[in-house]
Amino acid sequence: MTRFENAIAVVTGAGSGIGEATVKRLASEGAKVILVGRTVSKLEKVASDINNNRNEKVAFPFACDVTSEKEVENLVDYVKTEFEDVTVLINNAGGLYNSTIQETSIEKWEEIQNLNVNSVFLVSKKIGKVMMDGSSKNPNVNRSILNVASLSGHKPGAIFPHYSAAKASVINLTKAMAFEYSRSGIRVNSISPGFVETAMVDKGKEKLVKIINKKTTMKRLGQPEEVANAIAFLSSKEASYITGIDMLVDGGYMLT
Ligand SMILES: NC(=O)c1ccc[n+]([C@@H]2O[C@H](COP(=O)([O-])OP(=O)(O)OC[C@H]3O[C@@H](n4cnc5c(N)ncnc54)[C@H](OP(=O)(O)O)[C@@H]3O)[C@@H](O)[C@H]2O)c1
């Protein structure tokens, strides 16, 4: 039996980077995956990569802005109608741009909090209710929420204070959720990636990559698949006694 046989997983930000690697990993281990993001073409491309050469469709794209309560409610209606239950939720959507505190308007500050932390609250509240209802009907099923935080939530970056504050919130919100959701048999953990080669940190930015490599114990960027490995472990029943933790996946960046 594979680790995610019978699992129904909702993954936000699934159209690229860490989210893409995660849906591919979960599907390869037996999960049905619901791919959430704003750009339909990206979600469809990843879904068709997964569904190609399979007898049964297991990847389902769903367009949703995770900062919109209405759109998250549409997502809830969709999963309830099509799948009846959700067993795994990965809150991965997030992002940043560079701006110091003095350069940041309150509107931009709020935009970054909305994307990186308010969305985690919103999706975990609404999809979490579906998971809780599922748990009361089927209590002996592995259920897990995994939030993608960041190294920046531990060690803030000078040029993205808004993002660093939001990701520190995600780490603490994860622990608070672990208390509340454990009553329904749902584990809640976060991971904090270091610098990973995605659209956020691409190898074209040579000067930046040089600095990152110098500061990282393992002297290289991480790959999205290496983060997906950690996400899959914490989301699987192999991590059945782990809740409320944050796992660094940073190539030893925090050691330096
Ligand atoms: N790469 C790194 O070095 C690194 C390090 C630490 C933490 N992280 C975290 O890892 C997560 C994934 O990032 P990534 O590096 O894989 O970057 P990415 O490739 O840019 O992925 C982010 C995904 O989130 C989606 N997204 C953005 N805003 C959204 C919204 N409002 N609603 C729904 N989906 C939205 C994007 O698709 P659409 O624009 O189509 O919606 C995109 O596919 C983020 O939370 C990021 O903060 C990354």
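A nonpolar core is here a set of buried Ala, Val, Leu, Ile, Met, Phe, Trp, Tyr and Cys residues joined through C-beta atoms within 7 Å. The model examined is a predicted one. In this model the largest such core holds 66 residues. Ala9, Val23, Val33, Leu35 and Val36 touch the most other members. Helix α4 supplies the largest share of the core, nine residues. In soluble globular proteins, nonpolar side chains tend to be buried together.

Val36 illustrates the contacts made by one of these core residues. Beyond its neighbours within four places in sequence, Val36 contacts Val10, Val11, Thr12 and Ala14. Phe62, Cys64, Val66 and Leu75 are also in contact with Val36.

Val66 lies in the loop between β3 (59-63) and α3. Val66 has 24 other C-beta atoms within 10 Å and is therefore buried. Residues up to four places away in sequence aside, Val66 touches Thr12, Val36, Val72 and Ala93. Ser119, Leu122 and Val123 are also touched by Val66. Ser119 is 53 residues from Val66 in sequence. The C-alpha atoms of this pair are nevertheless 5.4 Å apart.

Asn91 is in strand β4, residues 88-91. This residue is buried because 31 other C-beta atoms lie within 10 Å, and the cut-off for burial is 20 or more. Neighbours within four places in sequence aside, the contacts of Asn91 are Thr12, Ser119, Val120, Val123, Ser124, Asn147 and Val148. Thr12, Ser119 and Val123 also appear among the contacts of Val66. Asn91 and Ile145 are separated by 54 residues in sequence. Their C-alpha atoms are 7.6 Å apart in space.

Helix α4 (residues 106-137) packs with helix α3 (residues 69-83). Their axes come within 10 Å and cross at roughly 20 degrees. The two helices are therefore roughly parallel to each other, since angles under 35 degrees count as such. The crossing of α3 and α4 is right-handed. On the α3 side the contact is made by Glu69, Val72, Glu73, Val76, Val79 and Lys80. On the α4 side, Leu122, Val123, Lys126, Ile127 and Val130 take part. Seven of the residues in the contact of α3 with α4 are nonpolar and four are charged, with no polar ones.

Helix α4 also packs with helix α5 (residues 161-182). The angle is about 15 degrees, and the axes are 8 Å apart. α4 and α5 are therefore roughly parallel to each other. Their crossing is right-handed. Residues Trp109, Ile112, Gln113, Asn116, Val117, Val120, Phe121, Ser124 and Gly128 form the α4 side of the contact. The α5 side consists of His162, Tyr163, Ala166, Lys167, Ser169, Val170, Leu173, Met177 and Tyr181. By class, the contact of α4 with α5 has eleven nonpolar, six polar and one charged residues. Val120 and Ser124, listed in this contact, are also contacts of Asn91.

Asn138 is placed in the loop between α4 and β5 (143-148). Asn138 counts as partly exposed because 13 C-beta neighbours lie inside 10 Å. Phe179 is 41 residues from Asn138 along the chain. The C-alpha atoms of the two are separated by 20 Å.

Val227 is found in helix α7, residues 224-235. Val227 counts as buried because 26 C-beta neighbours lie inside 10 Å. Residues up to four places away in sequence are again not counted among its contacts. Val227 touches Ile18, Ala21, Ile191, Pro193, Val196, Gly222 and Val249. Lys167 is 60 residues from Val227 in sequence, and the C-alpha atoms of the pair are 16 Å apart.

Backbone angles were also examined. Most residues other than glycine have a negative phi, and most peptide bonds are trans. Asn6 has a positive phi, near 70 degrees. Asn6 is found in the segment before β1 (8-12). With 14 C-beta neighbours inside 10 Å, Asn6 counts as partly exposed. Phi of Lys219 is also positive, near 60 degrees. Lys219 is in the loop between α6 (206-215) and α7. Lys219 is exposed because 11 other C-beta atoms lie within 10 Å, and the cut-off for an exposed residue is 12 or fewer.

Technical notes
Residues are numbered from 1 along each chain as its sequence is written. This is a predicted model: local features need pLDDT of at least 70, side-chain atom pairs count only at pLDDT 80 or more; totals for chains, interfaces and linings use all residues. Axes are lines fitted to C-alpha atoms, for helices over the stretch in contact, and angles run from 0 to 180 degrees between N-to-C directions. Helices (H or I, at least four residues) and strands (E, at least two) are DSSP runs, numbered from the N terminus. Angles under 35 degrees count as roughly parallel, over 145 as roughly antiparallel, 65 to 115 as roughly perpendicular and the rest as oblique. A crossing is left-handed if the near helix is turned anticlockwise from the far one by less than a right angle, and right-handed if clockwise. Two residues are in contact if their C-beta atoms, placed from the backbone, lie within 7 Å. Ala, Val, Leu, Ile, Met, Phe, Trp, Tyr, Cys and Pro count as nonpolar, Asp, Glu, Lys and Arg as charged, and the others, Gly among them, as polar.
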